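Q: I am new to this structure and would like to learn how to read its features. Could we go through them one at a time?

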Amino acid sequence: MLPTVIHLIDDNKLGGVNLALESLAASKLNKCFRFKLIHRSFSLPSFRRYTADIIVVHGALSWRKFPALLALKLANIGTPLLYQEHHYSREFVTQCVSHPRRFYTMLKFGYGLMDKVLLVSQAQVHWLDELKILAKNKRVWLGQAKELSQFLCLPQRPVSAPLKLVAYGRLSRQKGFELLIKAMARLPADRVSLTLAGEGEDAQLLSELAEPLLHVHLIGEVQDVPQFLDSGDVVVIPSRWEPFGLTCLEAIAAGKPVILTDVDGLGDQIQWLQQNDGGYQLIEGLTVSGIERAITQVLNAEPLRVNCQQRQSSEQAWEQMLIRWQAVLEKQLQSRR
C-alpha cells in the first residue's frame, strides 16, 4: 500500500497554492504516494487523528490558529507534521506588519510546532536565516512550480500593435493592480492596452479606476489561463510582495515576457531570467510612475522575447521540484520507521 500524504488547506481563495497542490497530487509522484487534499478550518481546535503517514499544513500561521495546530499535533503524535510557507516573506512584513517583533515571535513558535518547514523560494531562505527564527536543520528549500504542458504548447506569436498587456491574479492590494491601472491612464491608448483577469476584494475599486479608460478591460476570473496568456504580448506583475510568484513561471512557459517587480520570490526568477538571456523588464520602484516608465521602456525598445531555452527551463523547474518533494517525503517516512 502506498504511504498516504495528507495536505491540509485552510483557504479556498489561494488560487496559485491550490493549483500547485492539485498538480502535485496528479503528478508522477502519485505512483509513490497517495495524496489527499483536505480543506479544513484552523479556527477551532479539533483532535481528529488522520489516517496518514505524513501531514502537510498549508495555511497562514497566526496566533489565533495555534490552539487548532496544537490539537492537530497532539492528536497525530508519531505522524510527521510539515508546514509549507506559501504566505510570508520579507516584503509581506514591510507592507503589512505593524509590529514585526511580535510577528516574528509568532512565526518562531509556529515553526517550532513543525518537523520541517518547506520554503518556496531562496528569498524566503535568506530572509528567515537573517532573522534566525527557523533552525537550518528544520528548513527545506522546496521551490514552487506546477505542471505546465498547456502553457508550453502555446505557439510563439508576433507582437501586436498596439501592444497587448495582460495581468491576472487575485484582485487584492498584494498584486498592485490599482497602480497598474493608474499607470495605464498616463499611456497612449493607440500604443498599448491592458486586459486584467481575476476576482477579489478590490474588484469594485479597480472597476471604477478602469471605467473611463477605453484601453483597459477587466474580464473577471478566467478558467483557461493558457488561452488568456495566448491573447496577450506581455504579462505585467506589479506585486507588492510575492513569496514565489507562480504567474511569472506560467508566463515564461507560455512564451510571454514579463514586466515585474524585484520582490521576494520574483527576485529568484529574475536571476534565472538574467542567466537565460532576459525576457523581462524590471519595474524600478513600485509606483504609478515606476510602472509607467517600465511600460514605456518596453514600448520604445526592441520587442521583449522569451527564448526556447527559457520555456524549457520552466518545465525543468517542475521536474526538479518533484524530485525535492520526493526526497523530503521519503526522508520523513524513513525517520518515522
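A: Gladly. Let's start with a definition for sorting the residues of a lining: Ala, Val, Leu, Ile, Met, Phe, Trp, Tyr, Cys and Pro count as nonpolar, Asp, Glu, Lys and Arg as charged, and the others, Gly among them, as polar. Please keep in mind that this is a predicted model.

Q: How do the residues of the lining of the second largest cavity divide?

A: There are five nonpolar, two polar and two charged residues in that lining. The residues in question are Tyr168, Lys175, Phe177, Val236, Ile237, Pro238, Ser239, Glu242 and Thr247. They surround a space of about 60 Å³.

Q: How many cavities of 30 Å³ or more are there, and what volume does the largest have?

A: A cavity is a space where a 1.4 Å probe fits but cannot get out. Here the count is three cavities of 30 Å³ or more, and the largest has a volume of about 90 Å³. Its lining divides into five nonpolar, three polar and four charged residues. Among the lining residues are Arg157, Asp233, Lys256 and Arg305.

Q: A pocket must be another matter. What lines the second largest pocket?

A: A pocket, unlike a cavity, is an open set of points. The second largest pocket holds about 390 Å³ of space. It is lined by 18 residues, and those closest to its centre are Trp141, Phe244, Trp272, Ala317 and Arg324. Helix H11 (264–275) and H13 are the elements that give two or more residues to this lining, with H13 providing the largest share, six residues. By kind, the lining has six nonpolar, 10 polar and two charged residues.

Q: Which residues touch the most other members of the largest nonpolar core?

A: The idea of a nonpolar core is a set of buried residues joined through side-chain atoms within 4.5 Å. The largest one has 52 residues, and Leu118, Leu229, Val235, Cys248, Val258, Leu260 and Trp325 touch the most other members. Helix H13 (residues 308–336) contributes the largest share of this core, seven residues. There is also a second, separate core of 33 residues, which includes Ile6, Leu72, Phe92 and Leu107.

Q: Is cysteine 248 buried or exposed?

A: Buried means under 20% relative accessible area. Cysteine 248 has a relative accessible area of 0%, so it is buried. Its place is in helix H10 (residues 246–253). Leaving aside residues up to four places away in sequence, Cysteine 248 touches Ile237, Val258, Leu260, Leu266, Gln269 and Leu273. Counted the same way, the contacts of leucine 260 include Ile237, Cys248, Leu266 and Ile270.

Q: What covers the buried residues of H5?

A: To read a helix, find its buried residues and then look for the elements that touch them. In helix H5 (residues 122–131), the buried residues are Ala123, Gln124, Val125, Trp127 and Leu128. Their cover includes strand E4 (81–85), helix H3 (90–96), helix H4 (100–112), strand E5 (116–119), strand E6 (139–141) and H11. Just after H5, lysine 132 takes a positive phi of about 60°.

Q: And for strands, in which sense do E7 and E8 pair?

A: For strands, look at the direction of pairing and the number of bridges. Strand E7 (residues 163–168) pairs with E8 in the parallel sense, over six bridges. Within this region, lysine 164 stands opposite serine 193 in E8. Strand E8 (residues 192–197) is mostly covered, with five of its six residues buried.

Definitions and conventions
Residues are numbered from 1 along each chain as its sequence is written. This is a predicted model: local features need pLDDT of at least 70, side-chain atom pairs count only at pLDDT 80 or more; totals for chains, interfaces and linings use all residues. Side-chain values use heavy atoms; hydrogens and water are left out. On a 1 Å grid over the protein atoms alone, a cavity is a set of points where a 1.4 Å probe fits but cannot get out, and a pocket is an open set with protein on both sides within 12 Å along at least five of seven lines; lining residues have an atom within 4 Å of a point. Grid points are joined across faces, edges and corners, and a volume is the space filled by probe spheres set on the points. Buried means under 20% relative accessible area, exposed over 50%, partly exposed in between (1.4 Å probe, protein chains only). Helices (H or I, at least four residues) and strands (E, at least two) are DSSP runs, numbered from the N terminus. Contact means heavy atoms within 4.5 Å. Two strands pair if DSSP finds at least two bridges between them.
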